[in-house]
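Me: Please take a close look at one part of this structure and then set it in the context of the rest. A plain account will do.

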Amino acid sequence: MALNVSGGFGTILMKNLKVGATVKFLMQNIQTTSSATVAFDGGLIYSIPKSGFSFAVIMNNLGGTLDTDSLPLQLTLGAAFKTILGQESSKSKSSSTAIPKHYLTHSTDGDLGLNDSSLSNYRVGAEYWYNQQIAARVGYRLAPYRDLAGVRGFACRVGIRFQKWDVSYALTT
């Protein structure tokens, strides 16, 4: 049996700087061995005003060990460029602000395994949103995850949003 319970919080520190953190409780019970720990994740996102560019830094799995193994401490760096396609827009239901109907975001990120270099990998992808309700995403992972060679490769996702709820279907090769 395994259990993972987590809770997170995010906020805007300054106009273009967001921060978030998660605390998680992990427990595993395998045959006669049981282990539990607490770990933390934290990150920052900085957006360059009026440019469409944003950058992120994330640290995962700070603290804790399960049995005698440390959790895989990981540093993730990412960048994205968001562009508006066309001039067509719609009105927001909650305000009078016009919202562009078509967004395209190009992104790239990489993970650096700080206590296990076999966890390092690099990804590129793109995401398209229509009217902030329908999304399509494609991406490619350029490095395997440990011994799981099948994790390398193509991934795609389609989704719909209704109010604050997202429903998605994803496929990875």
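Which residue in strand 12 does Tyr130 stand opposite?

Reply: Tyr130 stands opposite Ile134 in strand 12. The model is a predicted one, and what follows should be read on that basis.

The pairing to look at is that of strand 11, residues 121–130, with strand 12, residues 134–141. These two strands are antiparallel and are joined over 8 bridges. The loop between strand 11 and strand 12 holds Gln132. Phi of Gln132 is positive, near 55°, although the residue is not glycine. Gln132 counts as partly exposed because its relative accessibility is 33%, and the class of buried residues ends at 20%.

Strand 11 and strand 12 both belong to an open sheet of 10 strands, with the order 1-2-3-4-7-10-11-12-13-14 and antiparallel pairing. In that order strand 11 sits between strands 10 and 12, and strand 12 between strands 11 and 13. The two edges are strand 1 (2–14) and strand 14, each of which pairs on one side only. From one strand to the next, the twist averages 15°.

Further along the order comes the hairpin of strand 13 and strand 14. Strand 13 covers residues 153–162 and runs antiparallel to strand 14, with 8 bridges joining them. Cys156 stands opposite Leu171 in strand 14. The hairpin has 2 residues between its strands, and Gln163 takes a positive phi near 55° there. Strand 14, residues 165–172, is hardly covered: of its 8 residues, the count that is buried is 0. Strand 14 is also one of the edge strands named above.

A positive phi also occurs within a strand. Asn61, found in strand 4, has phi near 65° and is likewise a residue other than glycine. Asn61 is buried, since its relative accessible area is 14% and the limit for that class is under 20%.

Strand 4 also takes part in an aromatic contact. A search of the whole structure finds 1 aromatic pair. Phe53 and Phe81 form this pair, with 4.7 Å from centre to centre and 45° between the planes, which is a tilted arrangement. Phe53 lies in strand 4 (residues 53–62) and Phe81 in strand 7 (residues 74–84), so the pair ties together parts that are 28 residues apart in sequence. Strands 4 and 7 stand next to each other in the order of the sheet. Phe53 is partly exposed, at 38% relative accessibility, and Phe81 is partly exposed as well, with a relative accessible area of 28%.

Another ring has a charged neighbour: Lys82 lies over the face of Tyr103, at 4.1 Å from the ring centre.

As for the whole, the protein chain has 0 helices and 14 strands, and from the N terminus on its elements are β throughout. Of the 173 residues in the protein chain, 23% are buried. The accessible surface comes to about 11,700 Å², and carbon and sulfur atoms account for 63% of that area. Among contacts in the protein chain with a separation of 6 or more, 33% are between residues 24 or more positions apart.

Technical notes: Residues are numbered from 1 along each chain as its sequence is written. This is a predicted model: local features need pLDDT of at least 70, side-chain atom pairs count only at pLDDT 80 or more; totals for chains, interfaces and linings use all residues. Side-chain values use heavy atoms; hydrogens and water are left out. Buried means under 20% relative accessible area, exposed over 50%, partly exposed in between (1.4 Å probe, protein chains only). Helices (H or I, at least four residues) and strands (E, at least two) are DSSP runs, numbered from the N terminus. Two strands pair if DSSP finds at least two bridges between them. Rings of Phe, Tyr and Trp (its six-membered ring) pair if their centres lie within 6.5 Å; planes under 30 degrees apart count as stacked, over 60 as edge-to-face and the rest as tilted. A charge sits over a ring if NZ of Lys or CZ of Arg is within 6 Å of the ring centre and within 35 degrees of the ring normal. Axes are lines fitted to C-alpha atoms, for helices over the stretch in contact, and angles run from 0 to 180 degrees between N-to-C directions. Contact means heavy atoms within 4.5 Å. Accessible areas come from the Shrake-Rupley method with a 1.4 Å probe; for residues, only the protein chains shown count as cover.
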